Amino acid sequence: MDIVLEAQAPFSLPAVVRSHGWVQLAPFSSSDPYHDFRYVDRLQSGRVVTWDVQPCDGGALLSVGGELSSAEQRETEDKARWVLGLDQDLAPFYDVARQEPRLAKVVENAAGRILRSPTLFEDTVKTILTTNTAWIGTIRMVRSLVDLYGEPSPEDPSRRAFPTPERLAGADVEALRKEARLGYRAPYVHALADRVARGDLDLEALKTADLPTGELRKELLALKGVGAYAAANLLMLLGRTDFIPIDSYALKMVSKEFHGGEPVGPQEVEAAFARWGEWNGMAYWFWEWSGNG
DNA sequence: GGTAGACCTGGACGC
DNA sequence: GCGTCCAGGTCTACC
């Protein structure tokens, strides 16, 4: 069954897929040159389906094997629109990006949307698993969670959906630590899953919460395992772009770009992009650096 | 409020 | 093959 996902122009599916490394994290997959993607989704009904998302005129075309009920079709379309940020209006950002040569390619490539998971729960777990580890470690830890706890696709059991909060809450913390090899992050992921599964924390409500960004940031920082970097990363995924996810890469690039290689701290990173105001996270994310790092 | 050290894994390196 | 060192954010204890 095919679902046409109409996008507000300008839109580029490859630009979303290449917006960051999320497409390399299960249950996303893509083949070089990251032109399209696949995703294994568990519907509310419990049915597991695989999306195949390709570019098409005016947006993207999502195909799933077999037929979907009208409710499943609506659920899939809503999730896919969130994943691709199709309802985001980037015109105000493009207005400022046009004034900056280092952001010229954002406009030229119809970039600016950031690939995200269907649920904030999944993105929060993934973000926690990006901290204090090399990218290859994040890929491995997410892969392990999906392989060990994800619901298999009936068509191809080797493909699995991202585990539900209930499934991870029911997992043993030591198994998360030792078998999924999350290390010290295991209790953070388990506690998050447990709170969501018990209904103590409604993460998904934060997607549409009418909260000032500073308040939203406080909510995220209250989660164990989520510090300044992780909160800023999640805010970017939520479309709140006024904080920069400052990690060691940011420190290195700002040092090279603006300080002649001298060591810098978070204040220098913030100062380098402060003039972009509410868009400073976007300016940082899509900045065309002089070197490749 | 600021800082030091622990947390955990995997890769790089030297022997 | 083994041991050591290092990178990578966050938390906690301490000042």
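**Exercise 1.** How far does a polar side-chain atom of R181 lie from a phosphate oxygen of DNA strand B? Place the result among the other residues around the strand.

*Solution.* This is a predicted model, in which local features need pLDDT of at least 70, side-chain atom pairs count only at pLDDT 80 or more, and totals for chains, interfaces and linings use all residues. Residues are numbered from 1 along each chain as its sequence is written, chains are lettered from A and ligands numbered from 1 in the order in which they are written, and side-chain values use heavy atoms, without hydrogens and water.

Step 1. For R181 the distance is 3.2 Å. A phosphate oxygen of strand B also lies 3.1 Å from a polar side-chain atom of R140 and 2.4 Å from a side-chain N or O atom of R177.

Step 2. List the residues around strand B (a heavy atom within 4 Å): N132, R140, R177, R181, G183 and Y184.

Step 3. Of the strand B atoms within 4 Å of the protein, 89% belong to sugar or phosphate, and the rest to bases.

**Exercise 2.** Which residues of helix 9 are buried? Describe how they are arranged and covered.

*Solution.* Step 1. Helix 9, a DSSP run (H or I, at least four residues, numbered from the N terminus), comprises residues 186-198.

Step 2. Its buried residues (under 20% relative accessible area, 1.4 Å probe, protein chains only) are A186, V189, H190, L192, A193 and V196. They lie on the same side of helix 9, because they cover an arc of only 165° around the axis, taken from the directions from the axis to the C-beta atoms.

Step 3. Their cover includes helix 5 (120-128), helix 7 (165-169) and helix 8 (173-178).

Step 4. G199 follows helix 9 and has a positive phi, near 85°.

Conventions: A residue is near a molecule or strand if one of its heavy atoms lies within 4 Å of it. A polar contact is a pair of N or O atoms within 3.5 Å; within protein, one must be able to donate a hydrogen and the other to accept it, and residues adjacent in sequence count only if both atoms are side-chain atoms. Helices (H or I, at least four residues) and strands (E, at least two) are DSSP runs, numbered from the N terminus. The expected span of a helix is 1.5 Å times one less than its number of residues. Buried means under 20% relative accessible area, exposed over 50%, partly exposed in between (1.4 Å probe, protein chains only). Contact means heavy atoms within 4.5 Å.
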